[in-house]
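Please read these notes alongside the sequence and the model. They take up the sheet and what lies against it, point by point.

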Amino acid sequence: MRLIHTTTLQLQEFFGEAVPRYAILSHRWEDDEVTFQDLVNGEAKSRAGWMKVLSCCQKSKGDGWTYLWIDSCCIDKTSSAELSEAINTMFEWYERSQMCYAYLSDVPPATNFSKSAQRTFFIQSQWFTRGWTLQELLAPRWVEFLASDWSEIGTKSSLAGLISVATRIKHLFNYRSASIAQKMSWASTRQTTRVEDGAYCLMGLFEVNMPLLYGEGMNAFLRLQLQILSQNDDETIFAWERERSDGGLLAPSPTCFQNAGNMEIGNFDSFRPPFTMTNKGLCLELYL
């Protein structure tokens with residue numbers, strides 16, 4: 001795991017138990033972000049995203065954190081093996097962080113607007129529409145939301161009501177108790193730049209791992225559901241809908257779960273055999 005030293009702004013690599021306490025950044029990718037190569041080659045200051053890196057380091061250092069992780073520049077994305085490992089481990093990295101800074105670049109400072117206007121800006125932030133920020137909201141123990149000038153808006157705890165309005169998430173602090181359908185519904189209205197990332201960004205939330213195959217398109221979401229089924233017998237994974245059905249048992253995309261936010265896990269036949277995958281498809285038994 002690579003971390004940025006908040007004083008020297010240099011990258012340092014750590015392994016296993018040697019990883020120190022660190023803060024982590026959650027943000028929307030914008031134009032000209034600083035990459036790993038930019039930091040290594042000394043070209044970071046020429047990028048538009050340099051001020052984001054610098055401001056986050058200053059914020060972290062001021063709060064007492066020596067190390068910081070930022071996805072845009074702490075991962076060498078030219079290495080497919082490293083990128084795959086990072087995406088499969090990212091949920092854990094956010095979960096293990098001591099502090100997560102959620103930078104909402106489209107929310108103006110509170111001093112410039114009324115309290116009600118600030119609430120509206122917060123709820124309407126594009127940060128709540130991105131696929132990757134779902135895990136970045138749920139995984140960390142402590143999330144501090146920051147406005148465009150890096151001033152504090154509030155925390156996940158103090159803003160819980162507004163966050164639920166923006167995300168429709170009722171299990172903000174106990175997401176593991178939510179059903180598969182409920183978790184899928186949280187992702188149903190979010191977007192990712194790459195189609196495959198719509199599935200990859202959910203792996204940590206469902207505690208599964210799978211190889212990345214960019215270019216597979218919507219098949220990534222089918223693979224995700226098969227991985228979930230291999231470890232979970234929650235039948236709400238089948239509680240999806242869309243206007244035209246192609247006859248398949250599994251959903252073609254997270255959008256099909258948009259109306260499944262209240263679908264809870266049932267436990268009416270606990271003695272039924274578990275699901276199994278065969279060469280002809282999914283095999284399961286149901287009581288009539």
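1. A residue is called buried if its relative accessible area is under 20%, exposed if over 50%, and partly exposed in between, with a 1.4 Å probe and protein chains only. By that reckoning both faces of β1 are covered, with R2 and I4 buried on one side and L3 and H5 buried on the other.

2. This is a predicted model, in which local features need pLDDT of at least 70 and side-chain atom pairs count only at pLDDT 80 or more, while totals for chains, interfaces and linings use all residues. Residues are numbered from 1 along each chain as its sequence is written, and side-chain values use heavy atoms, without hydrogens and water.

3. Strands (E, at least two residues) and helices (H or I, at least four) are DSSP runs numbered from the N terminus, and two strands pair if DSSP finds at least two bridges between them. Seven strands form an open sheet of mixed pairing, in the order β2-β1-β4-β3-β5-β6-β7. Its edge strands, β2 (11-13) and β7 (152-155), each pair on one side only.

4. Strand β1 pairs with β2 in the antiparallel sense over three bridges, and the partner of I4 in β2 is L11. In their hairpin, which has five residues between the strands, L9 takes a positive phi near 60°. Two bridges join β1 to β4, also antiparallel, and there H5 is partnered by Y67.

5. Strands β3 (residues 23-27) and β5 (residues 99-103) run parallel and are joined by five bridges, with M99 of β5 as the bridge partner of A23.
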